[in-house]
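Here are some notes to read alongside the structure. Keep the view open and follow the points in order.

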Amino acid sequence: MAATLRRSTAETMRQRKAEHLEVALDDGVETVTGPGWHDVHLVHEALPEVDLDAVDLRTPLLGHTLDLPLLIAGMTGGHDGATVVNGALARAAQRHGLAIGLGSQRAALVDPTLEPTYAVVREQAPDALVIGNIGAVQLIDQDDRPALTFAQLRRVVEMIGADALAIHLNVLEEAVQPEGDRRARGVAEAIGELSATLGVPIVVKETGAGIARGTAERLRDLGVAALDVGGLGGTSFALVERVRARRQHDLRGSALGDDVAEWGIPTAVSVAGARSAGLPLIATGGVRSGLDAAKALALGATAVGVARPLLLAAREGEEAIDAWVLRFATTLATVLQLTGCTTPAQLARRPHVVTGVTRAWMDDLGWRAR
Ligand SMILES: Cc1cc2nc3c(=O)[nH]c(=O)nc-3n(C[C@H](O)[C@H](O)[C@H](O)COP(=O)(O)O)c2cc1C
C-alpha cells in the first residue's frame, strides 16, 4: 500500500514537473503587471572616464566569483525531459561563469531514479556556483505527509554537490495548484533551524510574489545567507497553475488563478525593500536584458536571476543561450560605462530616478532610501 502510494506520488510529481516546463514555454504565463524596470531611470554620464574594456563584470556571490552578475534561475529536474534542459543550461553556466539553480528536488527524494535529471548540472558545470532547491512547505508537516527529514535535506545538497540551497517560498502557487500544499505555519522556524545546521548557505527565494522589507529582515535574523526576491513581473506560477487547473477542470484553482494572477510586490520594489536586510540580493522576476539588470543593481541587487528567457533559448539550442548571454553582458557593460562605473557594485552608488507606480509603492512603504 505504502509503496503504491509512493509510486503514484512520484508519477504525479513527474507529470507536474513536465507540465510546468511545457506550460512555461507557451505564451500567457507572464504577468501583465511589469516588474517595474520601466520606472527606474539611470543617469547618463557624458564624461565617464571609463574605457569599455576596463569594465569588469565579475561579481562575488556566496563564496564564488561569477564572471557576470547572472544566475540561471532554478527551473527543472525530476522528469525525463529535464536532463537535456538542465545539461544545456549547466554547460552555459560553466562556459560563461554564471551561477545556476535547479528546480525543486523533492521528486528525486520520492523517486531516487530521478537524481540524474538534477545531477547532470554538477557534471556539466563542475566549477559553477550551483544552488539546490526545495519548497519551504516541505519543511513542515502537510496533511498527507510529514516534513522532510534532515537526512533528506542533506541528500538534496549531496545529489548535486550544491554550494548553497534555495528554499523557495510559493504560498501563492500552492494556493492555486489543484493538488497544492496549503499549510504554511512554522516555515520560518524551520528555515532558522536549517540555516544553523545544514552546512551550506541557505538562500530564501520567492517565486513571483516578492519579499517585503520586514520579511527580508526577519529572514536575515533567522540566519539566511542570501535572498532572491522573486518578485511580480515575468513568469507567474499562479498563471502556470491556472492553466493546469483548467486542464483538470478544477474550478476552484482556475477561478482563484484568475483572481490572483497579478498578486505580489513588483521585483524592482522588492529589491528596494529587501536591500535593508544587508544580505546578498538576487533580483529574479521579469529581468529581460542587461539594462533591466543594471537597474536592479542600482536599486541594490548583487546579481539577477533569469528563468524563462533562458528556457526559451535552450529550446532553440546552445548557440541561442550563448547569444542571449552575450547580448546581456554587452548591454550591461555598456550601461556601466554610460554611468561611469567599472564594476557592477558601483551602480548602487550612482544616482537613479524612480517614477510612476514603482515610485508610489516605494514612497508609500518608505522603501526608497537606506
Ligand atoms: C519551467 C519553470 C519551472 C520553475 N520551477 C521552479 C522551482 O522548482 N523552484 C523555484 O524556486 N523556482 C522555479 N521557477 C521560478 C523561476 O526560478 C523564477 O523565479 C521565475 O520563473 C521568474 O523568473 P523569469 O521571469 O525570468 O521567468 C520555475 C520557472 C520556470 C519557468
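1. Start with helix α2. This is a predicted model, so read every value below as computed from it. In α2, the buried residues are Ala82, Val85, Asn86, Gly87, Ala88, Leu89, Ala90, Ala92 and Ala93. The helix covers residues 82-96, 15 residues in total. From first C-alpha to last it reaches 21 Å, close to the 21 Å expected at 1.5 Å a residue. Just after α2 comes Gly97, with a positive phi of about 65 degrees.

2. Move on to strand β8, residues 202-206. Is this strand mostly covered or mostly open? It is mostly covered: five of its five residues are buried. Ile202, Val204 and Glu206 point one way from β8. Val203 and Lys205 point the other way. Both sets are buried, the charged-residue names Glu206 and Lys205 included.

3. Next, the neighbours of β8. Strand β7 (residues 164-169) is joined to β8 by five bridges, and the two run parallel. Within that pairing, Ile167 has Val204 of β8 as its bridge partner. Strand β9 (residues 226-228) is joined to β8 by three bridges, again in parallel. Here Val203 has Ala226 of β9 as its bridge partner. To get from β8 to β9 the chain passes through helix α8 (residues 213-221), and this β-α-β crossover is right-handed.

4. Now the ligand. Which residues come nearest to the ligand? Of the 23 residues around it, they are Gly74, Ser104, Lys205, Thr235 and Arg288. Lys205 is also one of the buried residues of β8. Helices supply part of the shell: α1 (2-25) and α13 (308-316) each give at least two residues. The largest share, three residues, comes from α1.

5. Look at the polar contacts of the ligand. A ligand oxygen lies 2.8 Å from a polar backbone atom of Gly74. At Arg288 the partner is in the side chain: an N or O atom there is 2.7 Å from a ligand oxygen. At Arg308 the partner is a polar backbone atom, 3.0 Å from an oxygen of the ligand. Taken alone, the ligand exposes 610 Å², and the protein buries 97% of that.

6. Check Gly230. This residue sits in the loop between β9 and α9 (237-247). Why does Gly230 count as buried? Its relative accessible area is 4%, and buried means under 20%. Its C-alpha is 7.4 Å from that of Ile211, a residue 19 places away along the chain.

7. Gln142 is another loop residue to inspect. Its loop runs between β6 (129-135) and α5 (150-158). Gln142 counts as buried because its relative accessibility is 6%. The side chain of Gln142 reaches the backbone oxygen of Arg183 at 3.0 Å.

8. Finish with Trp367. It belongs to the segment after α15 (356-365). Is Trp367 buried or exposed? Trp367 is buried, with a relative accessible area of 8%. How far apart are the C-alpha atoms of Trp367 and Ala313? They are separated by 35 Å, and the two residues are 54 apart along the chain.

Conventions
Residues numbered from 1 in each chain as written. Predicted model: local features only at pLDDT ≥ 70, side-chain atom pairs only at ≥ 80, totals over all residues. Heavy atoms only, no water. Helix = DSSP H or I, 4+ residues; strand = E, 2+ residues; numbered from the N terminus. Expected span 1.5 Å × (residues − 1). Buried < 20%, exposed > 50% of the residue type's maximum accessible area, 1.4 Å probe, protein only. Pairing = 2+ DSSP bridges. Right-handed = clockwise from strand over helix to strand, strands pointing away. Near = heavy atom within 4 Å. Polar contact = N/O pair within 3.5 Å; in protein donor to acceptor, adjacent residues only side chain to side chain. Areas by Shrake-Rupley, 256 points an atom, 1.4 Å probe, with all protein chains shown as cover.
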